[in-house]
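Student: May we go through the protein chain in questions and answers, beginning with its overall dimensions?

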Amino acid sequence: MENAQPLKGKIALVAGATRGAGRAMAVELGRAGATVYATGRTTRDHVSEVGRSTETIEETAELVDAAAGAEGRGIAVPTDHLEPEQVRALVARIDREQGRLDILVNDLWGGDTHLDMGSREQPKMWEMDLDKGLRVMRLGIESHIVTSHSALPLLIRNPGGLLVEVTDGTEEYNRATYRKPFFYDLAKTTPIRMAYGLGEELREFGCTAVCLTPGWLRSEAMLDSAFHVTEENWRDACEQAPHFAISESPTYIGRALAALAADPEVARWNGQSLSSGGLAREYGFTDADGSAPDAWRYIAEVEQAGKPADVTGYR
């Protein structure tokens, strides 16, 4: 019988687990049996600059507990990952309570609030507010570096550790496409290179680093703010954006991560850029609705090619 909780006994840190992909990844790691430290800046007592009080790290931890059953558990730790002292305290706590770290997920972001991503005509770099642009760099890049700097010494104590950088877009897509505006492009291409470089440094310790991206993610903000729909009626948004038909729920990227973390041969992916759709073909998991969308192939072959929306053969 296949092990229903292959990550039993594993310790994970999902940095940036308040909502969206991070929350789903924390939940699916818990479902697979891991103990998950879920961090972020929005709690029931404090709202981060993202401004969404409806999602908190405490709720994420409760969702992990509900998914994990008797095995793994969720532990919410309020943390600003741009504050090295807070991150060092977080890692010290994990070391004190668990004595190990097996999975580190850098899903830290929050930069959308400083960018007008919905604008058809994006400003040139020199036309943008420099303070906002640099804040995007800190949120999307510096936070990852601060976290890895403190957490990797604990991860490498035991062979088999996994570092996952989370971004938007595959290496192939981001290399061929300018992900404007300028600061967004830098924030979303840099984690791919970070995974490559850290993969080289982690190899001698028997650990692995990868970069992982969802496709068109039906995050809470995408549903309620961008399209004013819910997960139940998300297809109504296809009237506004026909290519939204290829979108995926956060559960899909969560299952991708859980499959990676449970793979005894995960080192074969070291330094690589991976996607939820690509890993679904490799590991055989599906999205919550039973489909297996391959968004980045669809975007390149259908949307960017100017073809009408048709997900046949792509999900």
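Student: What radius of gyration does the protein chain have, and with which value does it agree?
Tutor: The radius of gyration is taken over C-alpha atoms, and the globule rule is 2.2 Å times the number of residues to the power 0.38. For 315 residues this puts a compact globule near 20 Å, which agrees with the 18 Å of the protein chain. The model is a predicted one, in which local features need pLDDT of at least 70, side-chain atom pairs count only at pLDDT 80 or more, and totals for chains, interfaces and linings use all residues. Residues are numbered from 1 along each chain as its sequence is written, and side-chain values use heavy atoms, with hydrogens and water left out. The value asked for is 18 Å, against near 20 Å for the globule.

Student: What percentage of the residues of the protein chain count as buried?
Tutor: Buried means under 20% relative accessible area, exposed over 50%, and partly exposed in between (1.4 Å probe, protein chains only). Among the 315 residues, the buried share is 54%.

Student: How many residues of helix 8 are buried?
Tutor: Helices are DSSP runs (H or I, at least four residues), as are strands (E, at least two), numbered from the N terminus. Helix 8 is largely enclosed by the rest of the structure, because its buried residues number 10 of 13.

Student: What covers the buried residues of helix 8?
Tutor: Those buried residues include Tyr252, Ile253 and Leu257. Their cover includes helix 1 (20–31), helix 9 (276–283), strand 4 (103–106), strand 5 (162–166), strand 6 (208–213) and strand 7 (273–275).

Definitions and conventions
Contact = heavy atoms within 4.5 Å.
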